[in-house]
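Hello,

Here is the structure I said I would pass on. My notes on what turned up in it follow below.

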Amino acid sequence: MQTLQHLFKNNKAWAESILKEDPDFFLRLSKLQAPELLWIGCSDSRVPANEIINLAPGEVFVHRNIANVVVHTDLNCLSVIQFAVEVLKIKHIIVCGHYGCGGVAAALEDKDHGLIDNWLGHIKDVSRLNQQELNNLDDTDKLDRLCELNVIEQVSNVCNTTIVKNAWKNEVDLHVHGWIYNIENGILKDLIETPISGQSTFV
Ligand code: CO
């Protein structure tokens, strides 16, 4: 508590600055959250969801893990998706990766990283599935491309959850997007969007 006192000071200043602009902001939000977006991103401290898309508290529901992986049996991620789709009725799921992702880089190495290697195995799968394309690239391009391919694969995993499949079966207006963020310039790029039909459109 003592050592992190500056964070409480930051917090107070932040809350006061919001109240100055909008005196009912927190009271309103305390009664209801109605975000239209679910963000599934990397835990990397340089890729904070709200800041990157310049949205206020209440506007984006967020799940983050190392290398923005959506695993078919991950109850944590699946619960987030279910709550977002079925309770919050969000309209867009965004899987956002980033170039220079340490998790993706570690998956490309033939080294022992401990427990996390079990998690990174999912990215090794993406690498193996795209081995031919990746083998033709130098190390930097290979990492960049695997970061992109990982996003596309995770979008496919989101689309294949029973939650999203059921939503589409019930003609819910739900879109799944794959984006990638450049930590060198702060800019997002659209990689893929999956419309209501569930048919992937690669861009
Ligand atoms: Co990352």
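The side chain of asparagine 182 reaches the backbone nitrogen of glutamate 184, at a distance of 2.8 Å. This is a predicted model, so please read that distance, and the others below, as computed values. Asparagine 182 itself belongs to strand 4, which covers residues 175–182. Setting aside neighbours within four places in sequence, asparagine 182 is in contact with Tyr99 and Ile187.

Strand 5 covers residues 187–194, and aspartate 190 lies in it. What does the side chain of aspartate 190 make a polar contact with? The partner is the side chain of tryptophan 179, at 3.4 Å. Aspartate 190 can also be paired with glycine 178: the two are twelve residues apart in sequence, and their C-alpha atoms are 6.3 Å apart in space. Aspartate 190 has a relative accessibility of 42%, and because the partly exposed class runs from 20% to 50%, it counts as partly exposed.

Next, the metal site. The cobalt ion has three protein donors, namely Cys42 through SG, His98 through NE2 and Cys101 through SG, and they lie 2.0 to 2.3 Å from the ion. Along the chain, the spacing of these donors reads C-x55-H-x2-C. Histidine 98 and cysteine 101 are both buried.

At the other end of the numbering there is a nonpolar patch on the surface, formed by Leu4, Leu7 and Phe8. Together they have about 280 Å² of accessible area. Phenylalanine 8 sits in helix 1, which covers residues 5–21. Is phenylalanine 8 buried, exposed or partly exposed? Its relative accessible area is 44%; since this falls between the 20% and 50% limits, phenylalanine 8 is partly exposed.

Finally, the chain as a whole. Nine helices and six strands were assigned. Taken along the principal axes, the C-alpha atoms fill a box of roughly 55 × 50 × 30 Å. Of the 203 residues in the chain, 39% are buried. The accessible surface comes to about 11900 Å², and carbon and sulfur atoms account for 53% of that surface. Among contacts between residues at least 6 apart in sequence, 59% join residues that are at least 24 apart.

Regards

Notes
Residues numbered from 1 in each chain as written. Predicted model: local features only at pLDDT ≥ 70, side-chain atom pairs only at ≥ 80, totals over all residues. Heavy atoms only, no water. Patch = residues over 30% accessible without salt bridge, like charges linked within 9 Å, V, L, I, M, F, W, Y side chains within 5 Å. Areas by Shrake-Rupley, 256 points an atom, 1.4 Å probe, with all protein chains shown as cover. Salt bridge = Lys/Arg side-chain N within 4 Å of Asp/Glu carboxyl O. Helix = DSSP H or I, 4+ residues; strand = E, 2+ residues; numbered from the N terminus. Buried < 20%, exposed > 50% of the residue type's maximum accessible area, 1.4 Å probe, protein only. Polar contact = N/O pair within 3.5 Å; in protein donor to acceptor, adjacent residues only side chain to side chain. Contact = heavy atoms within 4.5 Å. Donors = N, O, S within 2.8 Å, 3.2 Å for Na, K, Ca; no water.
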